[in-house]
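User: I'm in my first year and still learning how to read a protein model. Could you take one part of this one and walk me through it slowly?

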Amino acid sequence: MTKVLSVFGNMLELDESPLRTAGGGQPADNGILKTKKGYFDIKEVVKKDGKVYHVVDGASLEAGDEVEVALDEDRRKKLTRMHTGEHILFQSLKRQCPDIELDKINLDEKESSLFVVADDLSWEKIFTAESLANDTIKAGIAVTEQKISKDDAKALSDLRIKADRIKDDSVRVIDIDGFDKSACSGTHCDNTSEVGIVYISRFNSLGKNRYEVRFVVDDKEMFNHARLARETMSFLNSEPGRFVSQISKMKDDLDEMKKRLRELSKDSIRVLSEEKVGDILLLYGTFEFVDKKQLIDRAALAVKENEKSIAALVNLTEKQLILAVSEDSGLDASAILDILMPKIGGKGGGKKNFAMCGFTEGNAIIHDLKEILIKFK
Ligand SMILES: [Zn+2]
């Protein structure tokens, strides 16, 4: 049992609590607040003006009320394993890329991220680091913590510390014996073996020298990935040694085919269908795998070569409609498009002589356009 000391909106200051605030990249604990009026979820624990508050919705308590706090121990344990795994993983990465810098940590009970700055991080280095991290976990190395003064901390050359971010005079050092020393305020396992496994679930490049390394500390994700890889290999009739080169070749082949198809399609846009609607000549066609620019040029040429004409070219691949009208037609391409777009799920616009839009419903575009042209007359 403990007591409510003060209430600040939906935030309660309690006399005692096993729950921790966020720290060292680790999010705050969750828990349950047991009161005489019922149980409530504690979703967040925050520090404000030097006091610790538990964020609880709908409890309507007052100072002096007696309550009980139960920590979500399962979540805390997962975060503790994740956090210890993070120390081991970062040190393992540092041994592959000595210049690597930790920009931000995003710890979560399921999947976490390290945001790092490094000269040249590659899958090869990631795999080597992952392997070292798991050897370190298996070696069962003791993890200890001790408080030392900030000056002593600065004198330790092998300590990972962002001294400017630490406000206290003392520093809490987490020591993975002989492997890594880091200043940190989170929770950690007593032995590396408790982490179980570190598995890199994703590796993203975020622009120049910036990377996100995502990881998990249970093997479920690893088996999911292995399952995908095996299914895909079997589908492609491939095997581990050839898998990556085979996919890479397929991608190159596809790019080459698209390029050839585009060249072949150039010829297909020469001939347009023609139909008189009143005294207006409608020139139209439906195309696939044609460059947008080629279609725009073709529409412009069609209305230049033909008096009192409108050209309507449909790009089925990109789901785009291009409209051009000749100057002597008296038509307004933009106004026609405005009437047509609601019928074809279109979005776009243009000028009097030229307009274009994307569409979602492409089956009856030319039919709908003809009806509009008839009414226009
Ligand atoms: Zn830590």
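User: Which domains does the domain assignment of the protein chain give? Please start there, and then take a close look at the zinc ion and the pockets.

Analyst: Happy to help! Keep in mind from the start that this is a predicted model.

The domain assignment gives the protein chain domain 1 (2-71), domain 2 (76-235), domain 3 (238-268) and domain 4 (270-376). To get a feeling for the layout, take the C-alpha centres of domain 1 and domain 4: they lie 64 Å apart.

Now for the zinc ion. Its coordinating atoms are NE2 of His83, NE2 of His87, SG of Cys184 and NE2 of His188, at 2.0 to 2.1 Å. What geometry does the site of the zinc ion have? The angles among the four donor atoms run from 99 to 125°, and the site is tetrahedral. Four donors count as tetrahedral if all angles lie between 85 and 135 degrees, so you can check that step yourself.

Next, follow the donor residues along the sequence, where their spacing is H-x3-H-x96-C-x3-H. His83 sits in helix α1 (residues 73-96), while Cys184 belongs to the loop between β13 (180-183) and β14 (199-205), so this pair ties together parts that are 101 residues apart in sequence. Are these two donor residues buried or exposed? His83 has 0% relative accessibility and therefore counts as buried. Cys184, at 10% relative accessibility, counts as buried too. The cut-off behind both answers is that buried means under 20% relative accessible area.

Cys184 also leads us to the largest pocket. This pocket has a volume of about 1,300 Å³. It is lined by 37 residues, and those nearest its centre are Gly24, Ile166, Ala183, Cys184 and Ser185. In other words, Cys184 is a donor residue of the zinc ion and is also among the lining residues nearest the centre of the largest pocket.

Which elements build that lining? At least two residues each come from α1, β8 (101-106), β11 (159-160), β12 (170-176) and β13. You have already met α1 as the helix that holds His83. By class, the lining of the largest pocket has 15 charged residues, together with 11 polar and 11 nonpolar ones. Where does this pocket lie with respect to the domains? Domain 1 and domain 2 both give residues to the lining, so the largest pocket lies between them.

The second largest pocket holds about 550 Å³ of space. It is lined by 16 residues, with Phe127, Tyr199, His225, Ala229 and Phe243 closest to its centre. The elements α2 (123-138), β14, α4 (220-235) and α5 (240-268) each supply at least two residues of this lining. Which of them gives the largest share? That is α4, with six residues. The classes in this lining are 11 nonpolar, two polar and three charged residues. Because domain 2 and domain 3 both give residues to the lining, the second largest pocket lies between those two domains.

Helix α5 deserves one more stop, as it also holds Lys266. With a relative accessible area of 43%, Lys266 is partly exposed. Lys266 and Phe289 are 23 residues apart in sequence, and their C-alpha atoms are 9.2 Å apart in space.

Let's look at two strands in a similar way. Val216 is part of strand β15 (residues 210-216), and at 4% relative accessibility this residue counts as buried. Its C-alpha is 6.0 Å from that of Val198, although 18 residues separate the two in sequence. Thr144 belongs to strand β10 (residues 143-149) and is partly exposed, with a relative accessible area of 45%. From Thr144 to Val173 the step in sequence is 29 residues, and the C-alpha to C-alpha distance is 8.2 Å.

Finally, here are two loop residues to find on your screen. Asp49 lies in the loop between β5 (44-48) and β6 (51-55). Its phi is positive, about 50°, although Asp49 is not a glycine. Asp49 is exposed, with a relative accessible area of 72%. Ser60 lies in the loop between β6 and β7 (66-71), and its phi is also positive, near 30°. At 58% relative accessibility, Ser60 counts as exposed.

Methods: Residues are numbered from 1 along each chain as its sequence is written. This is a predicted model: local features need pLDDT of at least 70, side-chain atom pairs count only at pLDDT 80 or more; totals for chains, interfaces and linings use all residues. Side-chain values use heavy atoms; hydrogens and water are left out. Donors are N, O and S atoms within 2.8 Å of the metal (3.2 Å for Na, K and Ca); water is not among the atoms, so sites may look incomplete. Four donors count as tetrahedral if all angles lie between 85 and 135 degrees; four count as square planar and six as octahedral if opposite donors are over 155 degrees apart and all others between 65 and 115; anything else is irregular. Helices (H or I, at least four residues) and strands (E, at least two) are DSSP runs, numbered from the N terminus. Buried means under 20% relative accessible area, exposed over 50%, partly exposed in between (1.4 Å probe, protein chains only). On a 1 Å grid over the protein atoms alone, a cavity is a set of points where a 1.4 Å probe fits but cannot get out, and a pocket is an open set with protein on both sides within 12 Å along at least five of seven lines; lining residues have an atom within 4 Å of a point. Grid points are joined across faces, edges and corners, and a volume is the space filled by probe spheres set on the points. Ala, Val, Leu, Ile, Met, Phe, Trp, Tyr, Cys and Pro count as nonpolar, Asp, Glu, Lys and Arg as charged, and the others, Gly among them, as polar. Domain bounds come from an automatic or database domain assignment.
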